[in-house]
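Biologist: Please show me the chain, and let us then examine the terms used to describe it.

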Amino acid sequence: MFYEQMWRFYWISFFLAFSSSLGVLHASIGDADPSYRSCLTDCETTGCVGSLCFPHCNFSSNGASVDGPWYMQEPLYIKGKQLYCQSDCRYHCMLSRENDRAASGHGPVKYHGKWPFKRVFGVQEPASVAFSVLNLVMHFHGWLSFFILLHYKLPMKSDKKPHYDYAGLWYLYGLLALNSWFWSAVFHSW
């Protein structure tokens, strides 16, 4: 009884210590860089990174469109424009900061969990997207092959169920794998 309470106390203490440090953690080294953070703040308020300005970043500090008419200030439209603005600001601030780092002799660092690659047709990591899509296709092929094998090639039990008892578990695993590879392709494309 005493040891059970001690272990519970240790787990609660560990959880509290870990959760209190979450506010201090950053996803990548580049995210914590003060120059990168100030570039992001400036870009999201002015819509410009250096001399490069984005026309879809015309927002005031409260998120309303600066020069748009009332019908352009609907929440979904503004949120969509802010996502494009945020993505462009992150990308161009990252490139600007990496150019500064290269000029001072430092190597590249990750930003938002990704290495600083140049975009190709709007996709930041085209090789990763291609490999994620290939993994998605191969997992779908395996999932479909298992379904065909189980329902059309193997004999059924007398109650019209397949002989393999854990088929549902493998279906679920296949769907989870398909979901993860789909979202991996989405993540690497932005």
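Biologist: What pattern does the chain follow, read along the sequence?

Modeller: The pattern is α-α-α-β-β-α-α-α, with 6 helices and 2 strands. Helices (H or I, at least four residues) and strands (E, at least two) are DSSP runs, numbered from the N terminus. This is a predicted model, in which local features need pLDDT of at least 70, side-chain atom pairs count only at pLDDT 80 or more, and totals for chains, interfaces and linings use all residues. Residues are numbered from 1 along each chain as its sequence is written, and side-chain values use heavy atoms, with hydrogens and water left out.

Biologist: What makes the span of helix α6 close to the expected one?

Modeller: The expected span is 1.5 Å times one less than the number of residues. Helix α6 (residues 167-189) has 23 residues, for which 33 Å is expected, and its first and last C-alpha atoms are 33 Å apart.

Biologist: Why are Tyr171 and Gly174 of α6 called buried?

Modeller: Buried means under 20% relative accessible area, exposed over 50%, partly exposed in between (1.4 Å probe, protein chains only). Tyr171 and Gly174 are among the residues of α6 that are buried, so each falls under 20%. The buried residues of α6 pack against α5 (126-153), where contact means heavy atoms within 4.5 Å.

Biologist: Which elements have the lowest and the highest mean pLDDT?

Modeller: The pLDDT is the predictor's confidence in each residue, from 0 to 100. Helix α1 (residues 2-20) has the lowest mean, 73, and α5 the highest, 90. Over residues 60-66 the pLDDT is below 50. Where pLDDT is low, the predicted coordinates should not be read in detail.
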